[in-house]
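Work through the two exercises below with the sequence and the 3D structure at hand, and try each task before you read its solution.

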Amino acid sequence: MLVTGNDILIPARAGKYGVGSFNTNNMEITQAIIHTAERLRSPVMVQMSEGAIKYGGQDLANIVKDMAHRATVPVALHLDHGSSYESALNAIRMGFTSVMIDASHHDFADNVKETRRVVEAAHAMGISVESELGRLGGIEEHIVVDEKDAFLTDPEEAVQFIEQTGTDYLAIAIGTSHGAFKGKGRPYIDHARIEKIAGMTGIPLVAHGSSGVPQDIIERFRAAGGEIGDAAGIADEDLQRATGFGIAKVNVDTDLRLASTVGIREVLQATPKEFDPRKIFGRARDVMSQVIEHKMGVLGSVGKA
């Protein structure tokens, strides 16, 4: 069933589990996400970035909406990192049930102003809104933040921001980062900050840049001819602890990109003469489903729908 973000995330915050919000760019990724959610009886959010909208447009959004309507578990279609009021409105017109306005690159006052504009418009249509306070480092499509420009979310400001904007859920900077390169070793997650913000606020909190970058996937990527540096992700234990504090929405994109590419590379490496796209992309879908299943288990959303 197609629902809003609030329909999924408010119960998750109350139940102290997390819901994966997985980025999609095509039919196979969407199938891997929603079919796995169905099989595991897990609520799920499917998100499209502005890049995905440019690539797949209304056609891709319609695939997500059609599958969501037919699903027997709650599914929300979410705009990831909407860069403007106009972008959020465009997503609402396309049928999204949840939108993000990311004005975190502005100062506090302008962030509040831009977020409030989107909240007012979205709420008038029954659509829930995500916003961001603090800045994550790393690279994800048009989101490029140098480490020197990244900063963690201030708990006092989070309270003020929520009160002044009416945002439904808030992405906070807690040590995660976008992309496959989150530092060497295990990235540091500021759990004390999460706990403090959660204790001072009542809305669902969001962790961006939360791909685990599984080492077995990295090894398979290299074995199949891929080239990648010292990729590192967020530890499962850190995500489990964070969801217990109030992180209800956990964004995952890089893991699916890697898994999809591994599936494609392995088929082409093993059978160089293969040119049936069903066998090539079907394998990619299978590997993504395995990664999604693991993530849903880590977040504790299995059986919650």
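Helices (H or I, at least four residues) and strands (E, at least two) are DSSP runs, numbered from the N terminus. The model is predicted, so local features need pLDDT of at least 70 and side-chain atom pairs count only at pLDDT 80 or more, while totals for chains, interfaces and linings use all residues. Residues are numbered from 1 along each chain as its sequence is written, and side-chain values use heavy atoms, with hydrogens and water left out.

**Exercise 1.** Describe the place and the surroundings of D168.

Solution. Begin with the chain: D168 lies in the loop between α6 (155-165) and β8 (169-172). Next, consider exposure: D168 has a relative accessible area of 13% and is therefore buried, a term that means under 20% relative accessible area with a 1.4 Å probe and protein chains only. Then list contacts, meaning heavy atoms within 4.5 Å: leaving out residues up to four places away in sequence, D168 touches N6, H123, I127, S128, V129, I203 and P204. Of these, P204 is 36 residues away along the chain, yet its C-alpha atom is 7.3 Å from that of D168. Finally, look for polar contacts, which are pairs of N or O atoms within 3.5 Å, where within protein one must be able to donate a hydrogen and the other to accept it, and residues adjacent in sequence count only if both atoms are side-chain atoms. The side chain of D168 makes one with the side chain of N6 (3.1 Å), and the side chain of D168 also reaches the backbone nitrogen of V129 at 2.7 Å.

**Exercise 2.** Find the strands that pair with β4 (residues 98-101).

Solution. Two strands pair if DSSP finds at least two bridges between them. Strand β3 (residues 75-82) runs parallel to β4 and is joined to β4 by 3 bridges, with H78 partnering S98. On β5 (residues 128-133), the pairing with β4 is also parallel, over 4 bridges, and I101 has S131 as its bridge partner.

Key: Buried < 20%, exposed > 50% of the residue type's maximum accessible area, 1.4 Å probe, protein only.
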